[in-house]
Amino acid sequence: MESKTTPRTKLLSEEKTVGQRTTTKRIWKNLLVISVVFLLNFGAFRSLQSLQSTAALNSKAGLGVVSLSFVYASMVLSCLYAPFFIHKVGSCKWTVVVCLFGHVLYTGANFYPSWFTLIPSSILLGLISGPLWTAQVTYLTTSAQEYAKILQHDNPEGDIAMFNGMFYFFNDLSGISGNLISSLVLSAGNKHFGRGGGFCGAMDCGIRPETNWTSHDVTKPITSFSSTGVPDHKQQEIVYTLFGVFLACNILAALTAGLCLDKDVKNSELSSDEPTPVSQLLLRTVRVFKDVDYVLMVPMLVIIGMSEAIVTGEITKSYVGCALGVQMVGYVMMCYCAASSVVSPLFGHLSKYEGARILILVAAAANAVLLIYMLLWQPDEDSLATILSVSGGWAVVRAVWRIQLLTVLGVMYPSNQEAVFANAEMAGSIGSMLVFAYSSALCMDVKLYIYMAVLALGTVGYGAMECKTRYKNNPETNTF
């Protein structure tokens, strides 16, 4: 019997097509909104982090670096209850909005920094960072999966990688804007501030001479750009203007998320009719460690956090600030963020053709080459081009891992995303916390050897996971 296409059938088909187009446009709009929100918010935080980790801001008694250690230490704990937090708030969207106000308080504390203001605000920032990043990556992954379903793609892996690539393109732009502001401020002062003489690079074992970690009144506000050559009243004016801009960015980010971001696509875990016991929600993150495949990936997830801390806290201090002066830190970090921003969407699309496996292992090999070079290389005041190249190489490596590992996790654990992504953020936070914790206690070469050991462990673990997965899916295949 010959089927006929009636006008009604044709109309329904057209309405379905229009509905799909509307839905995909909404998904892309939400991707743009959440990307802009993080661009605004982390432009402020990354600039503060760069200034404090290089001893340019709050350097007396090491308050700047110590506060960053508290941020990442408390972030490790926050990842344990991230699924519970998201569940209680009700959606990933409102979790993002609520958590952004923690950044507002942290930036506000920098107007009058002391041990009694900055440390508590750092702890609070860490306690909301786990839920914030877990909600962001969960929101993005579920949106990508919905997008793949609408377009009838067989495998959502390529779409997840593409969405992550686009998000991190905007997220890395925040580093450019924030570091540009900090560089312009520091360039107004002493051009040799932060220089460490002949012991730079892997040979750097000390603290900059302008940093006094021995005596300090913990009740006194200590916001200053030490030894910049700028009068005290002018310093305070610059500092308050800088923090005012950052605070406005934090508030605008929270308002944009609340007003412009749509609620998450329907999630079976959040919308279940049966309430999940609190104990199960709190233990969900820990139970992920029962999965052998995930355990094998943990060292690589730790490397993501370590790589970020190595660049922002160690390379900026021992290679950039020591050899060129701290006023160049922001410009080098702008190069790092620009390189990461450019390659993020590129690798997001490339994974459709090459697959995450090859990209991750190639990035590990490239990172090993960078580490060996940094151990042998002695930077000096004429090493700007080389330093920019090295920072760009780190940016490319980290962009690959950040996008591809999150994509692999999203595909491997589609029904337990909150817990898995919270665990991934916890692993990264542990890596960052460790680097900042031993920052002032070890020489740079020892820090690089520690990183190299974790990288080797992570590469072996990831390779074992891939072999195990391939063999399970195809027992006849014994080659990687």
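Here are four short exercises with worked solutions on a predicted model.

**Exercise 1. Describe how helix α4 and helix α5 are arranged, and which residues bring them together.**

Start with the two stretches: α4 covers residues 92-109, and α5 covers residues 118-150. Their axes come within 8 Å and cross at roughly 155°.

Next, turn the angle into a description. Angles over 145 degrees count as roughly antiparallel, and α4 and α5 are therefore roughly antiparallel to each other. The crossing of α4 past α5 is left-handed.

Now look at the side that α4 offers. Its contact residues are C92, K93, T95, V96, C99, L100, G102, H103, L105, Y106 and A109. From α5, the partners include L118, L125, I128, P131 and Y139.

Finally, sort the contact residues by class: 15 are nonpolar, 7 polar and 1 charged.

**Exercise 2. Find the disulfides, and work out which parts of the chain each one connects.**

Begin with the count: the structure holds 2 disulfides.

Take C200 and C322 as a pair. Their sulfur atoms are 2.0 Å apart, and the angle about the S-S bond is -80°, a left-handed link. C200 sits in the loop between α6 (157-186) and α7 (232-260), whereas C322 belongs to helix α9 (residues 292-324). The pair links distant parts of the chain, 122 residues apart. Both C200 and C322 are buried.

Move on to C205 and C443, where the S to S distance is 1.9 Å. Here the angle about the S-S bond is 115°, and the link is right-handed. C205 lies in the loop between α6 and α7 and C443 in the loop between α13 (417-437) and α14 (444-473), so this disulfide ties together parts that are 238 residues apart in sequence. For accessibility, C205 is partly exposed at 44% relative accessible area, and C443 is partly exposed at 22%.

To finish, number the bonded cysteines in sequence order: the pairing reads 1-3, 2-4.

**Exercise 3. Explain why C335 has no disulfide to C337, and decide whether C335 is buried or partly exposed.**

First, check the distance. The closest cysteine sulfur to that of C335 is in C337, 9.3 Å away. A disulfide needs sulfur atoms within 2.5 Å, so the sulfur of C335 is too far from that of C337 for a bond.

Then check the accessibility. C335 has 25% relative accessibility, which means that C335 counts as partly exposed. For another cysteine to practise on, take C260: at 37% relative accessibility, C260 is partly exposed.

**Exercise 4. Place T134 in its helix, and describe its surroundings.**

Locate the residue: T134 is part of helix α5.

Look at how α5 meets helix α3 (residues 82-89). The two axes come within 9 Å and cross at roughly 75°, which makes α3 roughly perpendicular to α5. On the α3 side, the contact uses A82, F85 and I86; on the α5 side, G130, P131, T134 and A135. By class, that contact has 5 nonpolar, 2 polar and no charged residues.

Now list the contacts of T134 itself. Leaving aside neighbours within four places in sequence, T134 touches A82, I86, E418, F421, A422 and E425. In addition, the C-alpha atoms of T134 and A419 are separated by 8.3 Å, although these residues are 285 residues apart along the chain.

Close with accessibility: buried means under 20% relative accessible area, and T134, at 0%, is therefore buried.

Technical notes: Residues numbered from 1 in each chain as written. Predicted model: local features only at pLDDT ≥ 70, side-chain atom pairs only at ≥ 80, totals over all residues. Heavy atoms only, no water. Axes fitted to C-alpha atoms, helices over the stretch in contact; angles between N-to-C directions. Helix = DSSP H or I, 4+ residues; strand = E, 2+ residues; numbered from the N terminus. Parallel < 35°, antiparallel > 145°, perpendicular 65-115°, else oblique. Left-handed = near helix turned anticlockwise from the far one by under 90°. Contact = heavy atoms within 4.5 Å. Nonpolar A, V, L, I, M, F, W, Y, C, P; charged D, E, K, R; others polar. Buried < 20%, exposed > 50% of the residue type's maximum accessible area, 1.4 Å probe, protein only.
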